[in-house]
Amino acid sequence: MRSKRKLKNVLVIILLTILCIIFLIPLFLMILTSLKSMPEIMASKFVLFPEKALFSNYIEAMQRGNWLGYFGNSFFVTALTVLISLILNSMAGYGFARIPFRGRNTLFFFALTGMMVPTQVTMIPVFINLKSFPLVGGNDLFGNGGTGMINTYAGLILPYIAGAFGVFLCRQFYMNFPASLDDAAKIDGCSRLTAYFRIYLPLSKPILATLAVLKASQTWNDYMWPLIMINNDEKMTIQVAVISKFVTEVNTQWNLLMAATAMIILPLLILFLFTQKYFVEGIVTTGMKG
Amino acid sequence: MKHLKVTALLAAALMAVGSMTACGGVNSPDSGSTADKGNSSGDVTLSFLRAGTSEDAQIAYQAIIDEYTKANPNVKIEYQQIGFGTELDTKLNTLYASGAAPDLVRGPISTIAQRASMGQYAALDDYIAEWDEKDNVIQTAYDVANYKGKQYGIAINIEASMLFYRKDYFEEAGLDPNKPPQTWEELLDYAEKLTVREGDDVVRAGFAFPISSNHQTLIQFARQNGATLVDEEKDEATFNDEKTIEALEYFTQYADKNLIIPFVNQKDQNPFELGNAAMQYLTLNTYVTIKASGVDWADQMMFSPGPGREKISTFGGCQIMFMSEQSKNKDAAWDFMKHLFTDDVVWKLVEETGATAVKTGLEDKFNEAYPDIGPAYLETLQYTEGMPKVEWASLFETAMKTAFEEAMYGKKDAKTALDDAYNQLNSERGI
């Protein structure tokens, strides 16, 4: 029996190792390409390792454009999006899970339908809404006359701060708590809001960490929305910058592109490393696995 | 205490949102595009969107804009650039749908039919009629931007492809470099003589052309053979005819005879630039790149408009200056457009970005500056044809690429490949 279990464990480990290698191959190729020269990359015969590792590609890549600014823009947009979305999503999730009110399930169902509509479908309507946002960017009360939130940080952040998925994730998490917890809070004189802030929020670390990682990677990696929303270099985010600086109509500088890409995945990697314990816990407790 | 902290956090977040929206306020120096222009002091803000992300072009256009705004202090021009294809389409679709279209667009010819028919590009006939310089622009620059009898733009760059060939390789193969191939048969014969193999591997192609992601080669050879490919009047595809099939069959011979180096159609992957091809259709831009790279064989390059059959035809990717119908400052936009077509600006773009000298008065200067490629290039411009001007140009492009690739890889014969591509295109068009 024990040897059977051992064999099963070994097989699982082998399978996981193979999967791990498969997932890491693109990452390794990215790093290796970032250290190659262009003739090496374009050579007719593929060479895995560079003859001489050109770490100078990283310096050269970062010298193309204002990367401090692009990183700053992406950090600012991502940080605010994550912060606000954590507050909004967890409060909405708490409401749907713990506060009984008429039409709760219907409302939740409508919220969920948002997950079924592709971004491409909502892109233009959202853009029009933000362009016609009242009293912003030269607009009057009726949203006319100006440019609204086009080319602003707010235009990058607002569409992402709420989202059906985050609400769903938080609701599932808060559903796991026993009803007696609410009763105890009520007996102790807690209002709903106090119960949320004093009882539920401190217990929400796993789900907030999960949501933070998901939201951060979604916002950090977003390309299409900043592409259409931002008009100049000053507010450009890193994903748009990496394409616009190294992919031109004449050529693609793969080595510099890969060097820049290696740099821009670092913050997400660090975030995940710091939150992976909570991330896994959050996925498990919300029943999102498999 | 914790409650207080969370409340403070919330307040901070709200304040941050407030400050973010304030960034986009009316007084923001970089706010908006078309809408915040024109005020009591007569100031005008124009937005200019250029398709393409080349850094050289960005620097050149920025300098042109700086010079123009210095001379016209009441005009501010917001320049932005974006990649071709999906990126450009998505951005333009969004901006036009929301009423925030750029005043000026430098876009490819493939956009003209769709955007002109949707009323997004403005017809420039009236402006051009009163323009002093109208007769000094080459006719091709007008032709490619004319749609259903109206002039929707003027080409500022025509990437005419011409046959580049290597003098040293010709001599090595016993061919006369002063007699480039004039017919299809000669082209094939020369290619066979010029191909160098190691075992079965072609290490130097006699005549190189991309076999993946390539629509230009089949289009230009089919046209050389007398095919029309698309009936623009009837708005229908015609590329499954005998003429096009014959052109595609001609190319499959190169695969059958093992004469090709397979490569994807990317400008940084062409064998000629890497020294691995004796002949290839390329553009002026590649010439500039090769010259700038300092390779020791740069002086061995020679040029010709290429062979013909019923006629000579070369494919040209065209970059056209358009004005948006939504623009609230058309006069100012036209004034800047005129500036882009002054001799000085056109020449700056030629020198710094490898663009075409689209002014007739610059032909001599062009020949003097580029004595080796100049005359052949100007001759080639006469034979240059762009993409068909139909709303489904992108579907047509895909059909050409697919048919060419399938035939070249031997997956289908030429007729089947073209028939299938034709049926697929019609099915996607819903006809």
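The following questions and answers concern chain B of a predicted model.

Visitor: How many helices and strands does the secondary structure of chain B come to?
Guide: Chain B has 431 residues, of which 48% count as buried. Among its contacts with a separation of 6 or more, 72% are between residues 24 or more positions apart. The secondary structure of chain B comes to 17 helices and 15 strands.

Visitor: How far apart are the end C-alpha atoms of helix H10 of chain B, and why does that agree with the expected span?
Guide: Helix H10 of chain B covers residues 242-256, which is 15 residues. The expected span takes 1.5 Å times one less than the number of residues, so H10(B) should span 21 Å. That agrees with the distance between its end C-alpha atoms, which is 20 Å.

Visitor: Which helices are included in what covers the buried residues of H10(B)?
Guide: The buried residues of H10(B) include B:Ile245, B:Leu248, B:Phe251 and B:Tyr254. The cover over the buried residues of H10(B) includes helices H8 (184-194), H9 (216-224), H16 (393-408) and H17 (414-429) of chain B.

Visitor: Which residue of strand S14 of chain B stands opposite B:Pro108?
Guide: Strand S3 of chain B, residues 104-108, has five of its five residues buried. Three bridges join S3(B) to strand S1 (residues 44-51), running parallel, and B:Leu49 stands opposite B:Val105 there. Five bridges join S3(B) to strand S14 (residues 314-323), running antiparallel. In S14(B), the residue opposite B:Pro108 is B:Gln319.

Key. Residues numbered from 1 in each chain as written. Chains lettered and ligands numbered in written order. Predicted model: local features only at pLDDT ≥ 70, side-chain atom pairs only at ≥ 80, totals over all residues. Helix = DSSP H or I, 4+ residues; strand = E, 2+ residues; numbered from the N terminus. Buried ≥ 20, exposed ≤ 12 C-beta atoms within 10 Å, placed from the backbone. Contact = placed C-beta atoms within 7 Å. Pairing = 2+ DSSP bridges.
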